[in-house]
Amino acid sequence: MPTRQLVRAYIDETGDRGISASASPYFSFAALVIADEQEAQMRAAMSQLRRDLKVPPGKALHWKDHVKVYPRRQYVAGTLAQLQDVKIVYVVVEKAAIPAHAGMRRDQVIFYNFAAGIALGPV
């Protein structure tokens, strides 16, 4: 049996899993998936980004807080694009398109695992 390569995934989500009238119309994941042996390179790049963007120690680097303007977004995207063996994956679920009979309409765990499964599909 072939061995599987260990990968690490760093995931951020937006929206909510609810389907009520007050819920968001979409739920999505953004995932950075990287081979385990490249994680040190990624952590070094993130440390450099944190320093360059002046993110205080102990505070999470957030797109909405630290990367609001286009030049910063270009800088972050360019830095991450230089990493070897990294994949950026986006998953967007339009909740109105979920069939009425689907289990994920009733069970938020199924909903979450469905979206996560797509994000972590074949890497």
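Let's begin with the lining of the largest pocket in this predicted model: by class, this lining has 18 nonpolar, four polar and five charged residues. The lining is made up of 27 residues, and those nearest the pocket's centre are Asp12, Met46, Leu61, Trp63 and Leu80. The volume of this pocket comes to about 1,100 Å³. If you trace its walls along the chain, you will find that at least two lining residues come from each of strand S1 (7–15), strand S2 (26–35), helix H1 (39–52), helix H2 (63–66), helix H3 (70–81) and strand S3 (86–94).

From the pocket, let's turn to the nonpolar cores. The largest one holds 14 residues, and the members that touch the most others are Phe29, Val91, Val93, Ile98, Met104, Phe111 and Ala115. Two or more residues of this core come from each of S2, S3 and helix H4 (108–119). Ala115 is a good place to look at the packing: leaving aside residues up to four places away in sequence, Ala115 touches Phe27, Phe29, Val91 and Val93. There is also a second, separate core of eleven residues, with Leu32, Ile34, Met42 and Leu49 among them.

Our last stop is Lys95, in the loop between S3 and H4. Is this lysine, Lys95, buried or exposed? Lys95 counts as buried because its relative accessibility is 5%, and buried means under 20%. A polar atom of the Lys95 side chain lies 2.7 Å from the backbone oxygen of Asp16. Beyond four places away in sequence, the residues that Lys95 touches include Asp16, Arg17, Gly18 and Ile19, as well as Tyr26, Phe27, Arg105 and Phe111.

Terms used. Residues numbered from 1 in each chain as written. Predicted model: local features only at pLDDT ≥ 70, side-chain atom pairs only at ≥ 80, totals over all residues. Heavy atoms only, no water. 1 Å grid on protein atoms, 1.4 Å probe; cavity = no way out; pocket = protein on both sides within 12 Å on 5 of 7 lines; lining within 4 Å. Points joined across faces, edges and corners; volume = space filled by probe spheres on them. Helix = DSSP H or I, 4+ residues; strand = E, 2+ residues; numbered from the N terminus. Nonpolar A, V, L, I, M, F, W, Y, C, P; charged D, E, K, R; others polar. Core = buried A, V, L, I, M, F, W, Y, C linked by side-chain atoms within 4.5 Å. Buried < 20%, exposed > 50% of the residue type's maximum accessible area, 1.4 Å probe, protein only. Contact = heavy atoms within 4.5 Å. Polar contact = N/O pair within 3.5 Å; in protein donor to acceptor, adjacent residues only side chain to side chain.
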